[in-house]
Amino acid sequence: MNSKALAGVHVVGFELAQAGPMTTSFLAAYGAEVIRIESQKHLDWHRQIGPFLGDVNNPDRSCCFLHANPGKMSMTLNLKHEHAMKVIRRIISWADVVVDTFAGGVMERLGLGYNDMVKIKPAIIMLSSDTYGHSGPFAGTPSYGVPLTALSGLPHITGAPDQMPQFPGFAITDFIIPRTNVLAIVSALDYRRKTGKGQYIDASQFECTIPLLTPVILELEANGVDAGRIGNHSRYGAPHNVYRCRGEDRWCAISVFTDQEWWSLCEVMSNPALASEPRFATLSHRLENQDELDRIVEAWTMTHPAEEVMETLQNAGIACGVLQTGRDLAGDPQLKYDNFYREIDHPGAGVFSYSGMAANLSRTPYEITRAPNLGEHNEFVCRNVVGLSDEEFVELLGQEAFE
């Protein structure tokens with residue numbers, strides 16, 4: 001039995017920013033060998049933006065890059081250089097999977113489209129995770145997570161009723177796409193194991209995001225109801241909101257869906273008579289009087305620390321959670337118990353705390369290793385994967401093929 005679920009799987013990544021790099025890092029954590037193709041002349045955005053470890057602006061110290069790229073090798077190549085392309089073709093012959101997140105048409109113009117790949121390795125699996133996919137009216141349109149999040153419709157349901165559509169905090173699509181990509185790749189590997197055949201996966205990031213809106217779309221199609229923005233409220237439960245707690249900028253989220261939960265909440269708040277008041281006695285009445293109900297609940301939560309509110313309500317069978325900051329998450333007892341954060345020393349950058357995986361497999365546990373320095377594995381890949389001699393490697397160095 002292999003020690004890792006994806007041991008023996010070889011992956012090459014032509015990737016930028018977040019979605020592609022996280023895809024291949026997930027694969028690496030579960031045992032795949034991943035070579036990331038980079039360029040010294042055209043750095044990944046994430047190597048260029050901060051924050052930087054030690055506040056030193058250096059492409060190997062970018063926290064954004066380190067976070068999204070653990071566990072892989074970095075090879076720099078000038079993809080427009082004739083001799084560099086010979087190296088790439090040999091790497092493709094080594095690979096089982098190629099992940100491409102460039103805009104539609106870029107790989108084809110480089111001579112690295114799927115039709116080119118299968119000539120090198122007929123059973124190759126290639127996943128292209130372009131923003132809009134490789135077909136349709138938007139095919140080939142350059143974009144990234146922020147406009148894609150807007151196009152997905154998510155801002156339409158984010159915010160209070162009296163607000164314009166609100167951006168949901170970050171490019172949420174960048175964190176959805178890697179997970180759908182991994183599922184597609186693992187499925188393709190299983191298909192190839194059974195049939196011996198590779199395949200091309202056109203993974204439109206836009207289309208992979210739309211299922212998040214399924215309840216909203218069904219409500220519109222089935223009942224003609226536009227969900228719109230309702231803040232932190234729910235159409236199926238009340239009280240259902242975020243409430244201020246004792247302390248500076250401390251909050252908790254509370255969700256009550258059943259009458260039993262409502263009665264339990266009133267007991268915890270030492271106000272059992274509230275449960276049977278006509279304005280709150282049933283869910284429909286609580287939904288009609290949500291604003292007043294929120295004021296009553298918050299008057300109680302403000303007298304207690306957020307952690308105390310959470311623990312007390314959870315013990316009473318009521319869904320409640322603290323709104324955690326980054327500092328809170330670093331000390332979260334559940335994450336500590338699961339050893340979720342892994343502190344790893346990075347040469348030249350220092351110690352960095354990497355996030356773990358959401359799923360740990362009992363028989364083949366994942367492993368987190370550090371992100372690579374730019375071009376760190378050029379010589380290793382050329383010698384051990386491509387099979388170049390010392391003379392050939394030095395010749396390529398002189399020809400600036402690794403820029």
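## Reading the angles

The angles quoted below run from 0 to 180 degrees between N-to-C directions, and they are taken between axes that are lines fitted to C-alpha atoms, which for helices cover the stretch in contact. The model described here is a predicted one.

## The parallel sheet

Six strands make up an open sheet with parallel pairing, and their order across the sheet is β3-β2-β1-β4-β5-β6. At the edges stand β3 and β6, the latter spanning residues 199–202, and each has a single partner strand, so that one side of each is left without a neighbour in the sheet. From one strand to the next, the twist averages 20°.

Within this sheet, strand β1, which covers residues 10–14, runs parallel to β4 and is joined to it by 4 bridges. A reader tracing this pair can use Val12 as a marker, since this residue stands opposite Val98 in β4. Helix α8 lies across β4, β5 and β6, and its direction makes an angle of about 160° with that of β5. Another helix, α17, lies across β2 and β3 and runs at about 95° to β3.

## One side of helix α17

Helix α17 is formed by residues 378–386, and its buried residues are Asn378, Val381, Cys382, Val385 and Val386. These residues cover an arc of only 110° around the axis, and they therefore lie on the same side of α17. The cover over them includes strands β2 (33–38) and β3 (73–76), together with helices α4 (82–94) and α18 (390–398). Just after the helix comes Gly387, which takes a positive phi of about 85°.

## The nonpolar cores

The largest nonpolar core holds 34 residues, and Val11 and Val97 are the ones with the most contacts inside it. Two or more residues of this core come from each of the helices α1 (19–29), α3 (63–68) and α8 (173–195), and likewise from each of the strands β4 (97–100), β5 (125–128) and β11 (350–354). Helix α1 provides the largest share, with 5 residues.

The surroundings of Val11 can be followed residue by residue. Once its neighbours within four places in sequence are left aside, Val11 is in contact with Thr24, Leu27, Ala32, Glu33, Val34, Ile35, Trp94, Val97 and Val99. There is also a second core, separate from the one around Val11, which has 32 residues and includes Ile37, Phe102, Ile124 and Ala401.

## The antiparallel sheet

A further open sheet consists of 3 strands in the order β7-β8-β9, and here the pairing is antiparallel. The edge strands are β7, at residues 240–244, and β9, at residues 319–322, each of which pairs on one side only. Neighbouring strands of this sheet are turned against each other by 20° on average, when direction is ignored.

Strands β7 and β8 form a hairpin that has 6 residues between the two strands, and in its turn Gly247 has a positive phi of about 105°. The two strands run antiparallel and are joined by 5 bridges, with β8 covering residues 251–255; Arg244 has Trp251 in β8 as its bridge partner. On to β9, strand β8 is again antiparallel and is linked by 4 bridges, and in this pair Ala253 stands opposite Gly321 in β9.

Two helices accompany the sheet. Helix α13, residues 290–301, lies across β7 and β8 and runs at about 40° to β7. Helix α14, residues 306–315, packs on the sheet as well, where it touches β8 and β9, and its direction makes about 160° with that of β9.

## Cysteines without disulfides

With a disulfide taken as a pair of cysteine sulfur atoms within 2.5 Å, the count for this model comes to 0. Cys63 is in no disulfide, and the nearest cysteine sulfur, that of Cys64, is 7.2 Å away. Cys63 is nevertheless buried, as its relative accessible area is 18% and the cut-off for burial is under 20%.

Why does Cys245 form no bond with Cys252? The sulfur of Cys252 is the closest cysteine sulfur to that of Cys245, but the distance is 3.5 Å, which is too far for a bond. Cys245 is buried too, with a relative accessible area of 3%.

How values were computed:
Residues are numbered from 1 along each chain as its sequence is written. This is a predicted model: local features need pLDDT of at least 70, side-chain atom pairs count only at pLDDT 80 or more; totals for chains, interfaces and linings use all residues. Side-chain values use heavy atoms; hydrogens and water are left out. Two strands pair if DSSP finds at least two bridges between them. Contact means heavy atoms within 4.5 Å. A nonpolar core is a set of buried Ala, Val, Leu, Ile, Met, Phe, Trp, Tyr and Cys residues joined through side-chain atoms within 4.5 Å. Buried means under 20% relative accessible area, exposed over 50%, partly exposed in between (1.4 Å probe, protein chains only). The arc is that of the directions from the helix axis to the C-beta atoms.
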